[in-house]
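Below are some questions about one protein model, each followed by a short worked answer. Look at the sequence and the structure before reading on.

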Amino acid sequence: MPTTLVIKLDDRIAKRLQEVADEQNATLSDIALAAITDLLNKIDFEQRVQGKEPSKSFDELAEELGIDVEAFALFDVVMQEISWHTLNAGMDDNPPHLGAAAFCRLLRSRTHHEFGEDSVEILKGWGLHRSEDIGRVVFALVEAGWIDASPDDKRADFDHLFLVEDYFAY
C-alpha cells in the first residue's frame, strides 16, 4: 500500500518548485519527489564522504573557540550547499576541492542571502572579525571530522585575506 506524504512548504519554495515543474513540463509531485530523492542522496553522500561520526558537536566547538554556535549552523549550510552542488554535478565520487578564498566567497554569498545588510553585524556578534577567524572555524570542523581537507590545505591559507567589515559589507 502506498504511503501518503504531506509536506508543507513555505511560499517561496513552493513557487520555485512550481517554476521548475513548469520549465520541465512536469507535475509538482514529480519535482517534489526528485527534490526529496536528491536530498536523500545528499545525506548518503555526506555519510560516505565523512565515513565517521564527528568527534565534537557544534556546541563543543563553539565553546572551545569562543564563537557563537549559530556561526556553525551557517557553516553547515555552506557545507550542505557544496555537497548539493557536488551531487548535481555528478561528482559524488570525486568532490571538488575548495581553497580558502573560494570557501570565503561561498560563505559571503550565503551570509548575504540569509542576513542581507545585517551580515557584518551578525558575523561580528558571533565572534567572526577577520578571515583568520573563518579559518579557525573551518579547521576546527576538519579536526572534529565534520569536513575533509586536502593535504595541501593549511589554516594559514585564511590569514590576512580580509576583515569581515570590509569583505562582508553589503
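Two sides of a helix

On the side of helix 6 away from its buried residues, Glu121 and Gly125 are exposed. The model is a predicted one, in which local features need pLDDT of at least 70, side-chain atom pairs count only at pLDDT 80 or more, and totals for chains, interfaces and linings use all residues. Residues are numbered from 1 along each chain as its sequence is written, and side-chain values use heavy atoms, with hydrogens and water left out.

Q: Which residues of helix 6 are buried?
A: Helices (H or I, at least four residues) and strands (E, at least two) are DSSP runs, numbered from the N terminus. Buried means under 20% relative accessible area, exposed over 50%, and partly exposed in between (1.4 Å probe, protein chains only). In helix 6, the buried residues are Ser119, Val120, Leu123 and Trp126.

Q: What arc do the buried residues of helix 6 cover around the axis?
A: The arc is that of the directions from the helix axis to the C-beta atoms. The buried residues are on the same side of helix 6, because the arc they cover is only 135°.

Q: Is Leu17 buried or exposed?
A: Leu17 lies in helix 1, residues 11–23. Its relative accessibility is 16%, so Leu17 counts as buried.

Q: Within what arc do the buried residues of helix 1 fall, seen down the axis?
A: Leu17, Val20 and Ala21 are buried in helix 1. They line one face of the helix, because seen down the axis of helix 1 they fall within an arc of 100°.

Q: Which exposed residues does helix 1 carry on the face turned away from its buried side?
A: Leu17, Val20 and Ala21 are the buried residues of helix 1. The face turned away from this buried side carries the exposed residues Asp11, Arg12, Lys15, Asp22 and Glu23.

Q: How many Å apart are the end C-alpha atoms of helix 1?
A: The expected span of a helix is 1.5 Å times one less than its number of residues. The 13 residues of helix 1 should therefore span 18 Å. This agrees with the separation of its end C-alpha atoms, 18 Å.

Q: Which helix gives the most to the largest nonpolar core?
A: A nonpolar core is a set of buried Ala, Val, Leu, Ile, Met, Phe, Trp, Tyr and Cys residues joined through side-chain atoms within 4.5 Å. The largest one has 32 residues, and those with the most contacts inside it are Phe72, Phe75, Leu128, Ile134 and Leu141. Helix 3 (58–65), helix 4 (69–88), helix 5 (100–115), helix 6 (119–126), helix 7 (131–144) and helix 8 (164–167) each supply at least two of its residues. With seven residues, the helix that gives the most is helix 7.

Q: Which residues does Pro54 touch, not counting those up to four places away in sequence?
A: Pro54 is in the loop between helix 2 (28–50) and helix 3. Contact means heavy atoms within 4.5 Å. By that rule Pro54 touches Ala144, Gly145 and Trp146.

Q: What kind of aromatic pair do Phe162 and Phe168 form?
A: Rings of Phe, Tyr and Trp (its six-membered ring) pair if their centres lie within 6.5 Å; planes under 30 degrees apart count as stacked, over 60 as edge-to-face and the rest as tilted. The count comes to eight aromatic pairs. For Phe162 and Phe168, the centres are 5.8 Å apart and the angle between the planes is 65°, and the pair is edge-to-face.
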